[in-house]
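Visitor: Please show me the structure that we are to discuss.

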Number of protein chains: 2
Amino acid sequence: MKKAEGTRLNILQKAFALIYEKGYQTTSIDDILATTQVTKGAFYYHFKNKDEMGIAIINELLKPILASSFIAPLQNDKNPVDTIYNLIHYLLIEDEFLQVQHGCPVANFTQEMASWNKDFSHALNEITQQWVKTMAAVIVKGKEKGQIRDDINARQVAMFVASGYWGVRNFAKLENDKKVYLSYLKELKRYLNTLK
Amino acid sequence: MKKAEGTRLNILQKAFALIYEKGYQTTSIDDILATTQVTKGAFYYHFKNKDEMGIAIINELLKPILASSFIAPLQNDKNPVDTIYNLIHYLLIEDEFLQVQHGCPVANFTQEMASWNKDFSHALNEITQQWVKTMAAVIVKGKEKGQIRDDINARQVAMFVASGYWGVRNFAKLENDKKVYLSYLKELKRYLNTLK
DNA sequence: TGCAAATAATACCTATTAGTATGTTTTTAT
DNA sequence: ATAAAAACATACTAATAGGTATTATTTGCA
């Protein structure tokens, strides 16, 4: 990796961490410069403006994270119920990047930016839809294998699960307590079993 | 109502509308002054600072809204499944204040403020817990009446439903389309029926 | 090696931010 | 009616925001 690309990536990563903690609007360029030890000249060499950096974070960091942590675990051949439950369990309990007090980065970005920056909402919608789509595909496969009832609407279930995930992240953020997750997971398991 | 209380309320209401649209951090005092036609002197006579106004919005506006729109509809004697479904349907489809492109004000506030202002998160948690608690009570009642299965954990279900509600609000915000709600509601109905 | 292009550093600018100081007008109570 | 208190108005401040202009330093390559 060239040195220049290193600074670019450094900016993206540190900025992402800051934004995940503090929110996009309240993370200033100067904040980012302070934690990256990068100067303003370097920053604006790599990014036209703050929003362009935000989009880059979504496309170059969030997208891969989603692919590896949210989507890849769905690609196995167990039954959908276990696969989906295990994924959500992993995301809520085990994943060491996602912090209870900061919620879900994708949801945070959405809440903050969706209604007034089309580039942001477009990029976010893209990665979200991919998650839902993959989850739906898993369920369809399960239907074919007879692991899931015929009358189940796969996409509808996927959306329902994804919504619950986002919501419980917000809930736990409010209480700043992982216990909320345990309660949620129990009900999720019960719910998923009704798909059989 | 005294005139002074009128200006105070005016500030709270207009500020709330602005914050619901644009977010708390990005709504400046000057924004609020411009839309209320109130001067800075008047503003700071009524509120010590911006955050105190934020807390006042939560306690004096959000709380009553929650009580009337989220909690009161739960106080009837139909069965929990219909009661809860109708509530969520009302909130997502019929309520004319909540806008699809702006999500849920409580969730917005939570996402933006919870992790770095304890007063905010405390006030928000209070109203949220009240909603969940009431929903749980409805389910408990249903269990007693034999409308809900015995092995159902009332609080767990209430949390699950509330999470889904918050999550789907965020989802629809991203797509800026109420269609998402319809899909969600179908699955919610199916889920709620598994409680019987 | 040298020089052009890529990368980075510094100093600055204007707008906006939350908040204050100080004054003026309204209300209220007597 | 009047004085005191409540309510509001105006002008300001210091800090911070995102962004730019200009200059300096590296880097790749002929």
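The questions below concern the DNA surface, a helix and a pocket.

Guide: This is a predicted model, in which local features need pLDDT of at least 70, side-chain atom pairs count only at pLDDT 80 or more, and totals for chains, interfaces and linings use all residues. Residues are numbered from 1 along each chain as its sequence is written, chains are lettered from A and ligands numbered from 1 in the order in which they are written, and side-chain values use heavy atoms, without hydrogens and water.

Visitor: Which helix gives the most residues to the surface near DNA strand D?

Guide: A residue is near a strand if one of its heavy atoms lies within 4 Å of it. Helices are DSSP runs of H or I with at least four residues, numbered from the N terminus. The surface has 17 residues, of which A:I29, A:K40, B:T39, B:Y45 and B:H46 come nearest. With five residues, the greatest contribution is that of helix 3 of chain B.

Visitor: What percentage of the atoms of DNA strand D within 4 Å of the protein belong to sugar or phosphate?

Guide: Phosphate oxygens of DNA strand D lie 3.2 Å from a polar side-chain atom of A:S28, 3.3 Å from a side-chain N or O atom of A:Y44 and 3.0 Å from a polar side-chain atom of B:T7. A polar contact is a pair of N or O atoms within 3.5 Å; within protein, one must be able to donate a hydrogen and the other to accept it, and residues adjacent in sequence count only if both atoms are side-chain atoms. Bases hold the rest of the strand atoms within 4 Å of the protein, and the share of sugar or phosphate is 66%.

Visitor: How far apart are the end C-alpha atoms of helix 8 of chain A?

Guide: The expected span of a helix is 1.5 Å times one less than its number of residues. Helix 8 of chain A covers residues 154-175, so its 22 residues should span 32 Å, and the end C-alpha atoms agree at 32 Å.

Visitor: Which residue caps the N-terminal end of helix 8 of chain A?

Guide: At the other end, helix 8 of chain A is followed by A:N176, with a positive phi near 50°. The capping side-chain oxygen lies 3.2 Å from the backbone nitrogen of A:R155, and the residue is A:N153.

Visitor: How many residues of helix 8 of chain A are buried?

Guide: Buried means under 20% relative accessible area, with a 1.4 Å probe and protein chains only. Helix 8 of chain A is mostly covered, and of its 22 residues the buried number is 20.

Terms used:
Helix = DSSP H or I, 4+ residues; strand = E, 2+ residues; numbered from the N terminus. Buried < 20%, exposed > 50% of the residue type's maximum accessible area, 1.4 Å probe, protein only.
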